[in-house]
Amino acid sequence: MVFSSNPLSLSVPDPTFDTWLRDSGYLEILDQHTSSAAAAAPSTTTTTTATGLFISFFSHALTLLSLFTLNPFSKLTTDDFSGPTLYWTRSFFADHGSYSFPSGFGQARLRVNENVKRYARNYASLFILFFVCTLYQMPLALIGMISSLVLWDIFKFCSDRWGWDRYPVIRQVMVRAAQCVTAVILICLNVQMALFCALGVSYTVMIMHAAFRKLTPAKQPSRSR
């Protein structure tokens, strides 16, 4: 279905129409309407080409910087991770026509909030991939991660073998001791650095993808054979 910029423009102002689209769940149409309105905005003819390019560059730079002031997890819930993972090629990456530079902070915030909810499982998978790649590039961190897992596996084996559940005080002491040893291993072998690197890269990729990815209907129409 193709919508015009505002089919009710004779009786309904644009802000009211945008509010209705947002409340009705037509976020992809609101995204298209925002882009169309920004493209149709009149530009001043008195400015020179150099000044216009500088203003455009400065506006785009501010929009990019504003992306990192957003909270992409403000509307994220646990239910967003319970659904199926969307297709990587058809939904997540799609084609070049599915991307555009956000016209402003409002459109960037709309895209980020909606796309983070929609592609939550895809972003989580990317974080795991980046973390595994970081561990592969940092052998000491990989050894530290494996050592921590082995330590807690040994703790569980000893707890089941000697019945530490019947002795809460002893179990609590052993848990604290295992936690201290785990912390020492993680710090000494720079596992936290691998985690921070993976978080930084995955967060940047998530913000950029969510801001540039155009909104699409939640359920894609099935293709007729």
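**View 1. Lys156 and Asp160, an exposed pair on helix 7.** Both Lys156 and Asp160 are exposed in this predicted model. Their side chains meet in a salt bridge, with N to O at 3.1 Å. The two residues sit four places apart in helix 7, which is about one turn of the helix. As a rule, an α-helix has 3.6 residues a turn, so residues three or four places apart point the same way. The whole structure holds four salt bridges, and two others get their own views below.

**View 2. Lys117 and Asp80, a salt bridge across the sequence.** Here the N to O distance between the side chains is 3.2 Å. Lys117 belongs to helix 5, while Asp80 is in the loop between helix 3 (49–67) and helix 4, so this pair ties together parts that are 37 residues apart in sequence. How accessible are the two partners? Lys117 comes out as partly exposed, at 25% relative accessibility. Asp80 has a relative accessible area of 18%, so it counts as buried, the cut-off being under 20%.

**View 3. Asn113 and its contacts.** Staying with helix 5 (residues 105–118), this view picks out Asn113. Its relative accessible area is 14%, so Asn113 is buried. Which residues does Asn113 touch once neighbours within four places in sequence are left aside? Asn71, Ser74 and Lys75 are the ones in contact.

**View 4. Phe101 against Phe212, edge-to-face.** Twelve aromatic pairs turn up in a search of the whole structure. In the one shown here, the ring centres of Phe101 and Phe212 are 5.1 Å apart and the planes make 85 degrees, so the pair is edge-to-face. Phe101 is in the loop between helix 4 (88–93) and helix 5, and Phe212 is in helix 9 (residues 191–212), so the two rings tie together parts 111 residues apart in sequence. Phe101 is partly exposed, with 28% relative accessible area.

**View 5. Trp162 and Trp164, a stacked pair with an arginine.** These two rings are stacked, at 6.5 Å centre to centre and 20 degrees between the planes. Buried or exposed, where does Trp164 fall? Trp164 counts as buried at 13% relative accessibility, whereas Trp162, at 49%, is partly exposed. Arg161 lies over the face of Trp162, 6.0 Å from the ring centre. Another arginine does something similar elsewhere: Arg213 is over the face of Tyr99, at 5.8 Å from the ring centre.

**View 6. Arg171 and Asp165, one more salt bridge.** The side chains of Arg171 and Asp165 meet with N to O at 3.3 Å. Arg171 is partly exposed, with a relative accessible area of 29%; Asp165 is exposed, at 55%.

**View 7. Helix 6 and what packs over it.** Helix 6 runs over residues 120–137, and its 18 residues reach 26 Å from the first C-alpha to the last, close to the 26 Å expected. Its buried residues are Ala120, Asn122, Tyr123, Leu126, Phe131, Thr134 and Leu135. They are covered by parts including helix 4, helix 5, helix 7 (139–162) and helix 9. Tyr123 also joins Trp88, Phe92, Phe93 and Tyr119 in a cluster linked by ring pairs.

**View 8. The annotated transmembrane stretches.** The unreviewed UniProt entry puts "transmembrane region" on residues 50–70, 126–155 and 175–205. In the model, residues 126–155 are 97% helix and 0% strand, with the end C-alpha atoms 31 Å apart. Residues 175–205 are 94% helix and 0% strand, and there the end C-alpha atoms are 37 Å apart.

How values were computed. Residues numbered from 1 in each chain as written. Predicted model: local features only at pLDDT ≥ 70, side-chain atom pairs only at ≥ 80, totals over all residues. Heavy atoms only, no water. UniProt positions renumbered as here; feature names shortened; annotations may be inferred. Buried < 20%, exposed > 50% of the residue type's maximum accessible area, 1.4 Å probe, protein only. Contact = heavy atoms within 4.5 Å. Phe/Tyr/Trp six-rings, centres within 6.5 Å; stacked < 30°, edge-to-face > 60°. Lys NZ or Arg CZ within 6 Å of the ring centre and 35° of its normal. Expected span 1.5 Å × (residues − 1).
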